[in-house]
Every structure is written in C-alpha cells, then in structure tokens.
Amino acid sequence: MAVVYLRRLHGWRFVLFNAVLGLSHIVVLFNAGSYIALLPHVSGDLGGVLPSFLTWAQTDFMVGLALGFPLARYLSGRIGDYRLLIGAFMVYSVASYLCGDSQTLAQFVPARIVQGIAGGITLPIAWASASPTPALANSVPSTASSSGNNTAQPIDSSRSPPRA
C-alpha cells in the first residue's frame, strides 16, 4: 500500500484541528471521572436504581476504553486513521445520546460500554494523527499523557513527516 501524505495544515485550519482534537480528548476523558459525581442524578433518572448498581456502568466504560486501544490499531490498519477517527466519534456521540435517553439500567449499561469502546478507539488514533513524527505516533505512553500533550501544547506544524 502506498503512503499518502496530505497537505500540512496552516493558519485557522491548524488551530481548528488542534482545538477540536483537544476538546474531544477532554470530553472522552472527562466522561470517565465526572460520572462518579453524577451517580445520584443518573440513579434518579433511571427510576431509582441503587447507585451501587450504577458503578457497573463506570467499570464497563473503563473496560471499554481498555478494549478500544488494541481495536484502534487493528481497525486503523484496515480502514485508515481518519475514517476510523470520524467513525469512532460518531459512534461515541450516538452512544452518548443513548445513555442520556435510557430509561432502564438494561438500556444504559450497553450504551455505556459502546461509549467506552468508541472513546478508547479515539484516543490513540487522535494521538497518531496529531503527532509530528511517526516515531511519536507509535508510542502512546498512556491515556493521561496523550490527552495532556494534545490539549496543553500545540502541535508543531513546521515539521514534515519523512518521505518514503
């Protein structure tokens, strides 16, 4: 398969790409921790389910994140990084809607699992899309450091990838 390099992003497109990528990382990772504080509200919305049962949804989300990482590498080789990233964010959005629209725990937990898997796919693929060199794209140290690097500092657009 031939390697195709797209044009480098400059100006407002570069800023927009980094802003959207950073905000998307914030949404995926913030969803992991903020859910604990929302357990009483979720419990009331699901018809008075005990909050201890709703911790399953948090555990399943984290397991989904962990399952998404190896799936991301496999699927990116099959369908490409950009298609996978866009598709994973679309699935994440639909799963988020289904979580918000759930009336029972049986509807909520599967949507939360799908949300975790889609979020787990987005993190390494977005890291690889934004990293300036292929060596950095292949080394995703952890979820926290990959989100911090994309949201706290801009990606250097002056570096170009090596030509094959």
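Let's start with a pocket: the lining of the second largest one has six nonpolar, six polar and two charged residues. The classes: Ala, Val, Leu, Ile, Met, Phe, Trp, Tyr, Cys and Pro are nonpolar, Asp, Glu, Lys and Arg are charged, and the others, Gly among them, are polar. This is a predicted model: local features need pLDDT of at least 70, side-chain atom pairs count only at pLDDT 80 or more, and totals for chains, interfaces and linings use all residues. Residues are numbered from 1 along each chain as its sequence is written, and side-chain values use heavy atoms, with hydrogens and water left out.

Back to the pocket. Its volume is about 240 Å³. Of the 14 lining residues, Y35, V42, C99, G100 and F108 are the closest to its centre. A pocket here is an open set of points on a 1 Å grid over the protein atoms alone, where a 1.4 Å probe fits, with protein on both sides within 12 Å along at least five of seven lines; lining residues have an atom within 4 Å of a point. Volume is the space filled by probe spheres set on the points, joined across faces, edges and corners.

Which helices each supply at least two lining residues? α1, α2 (39–45), α4 (81–101) and α5 (105–130).

Now the fold. The chain has seven helices and zero strands. Helices are DSSP runs (H or I, at least four residues), strands likewise (E, at least two), numbered from the N terminus. Of 164 residues, 36% count as buried. Buried means under 20% relative accessible area, exposed over 50%, partly exposed in between (1.4 Å probe, protein chains only).

Last, L16. It sits in helix α1 (residues 11–37). L16 is partly exposed, because its relative accessible area is 43%.
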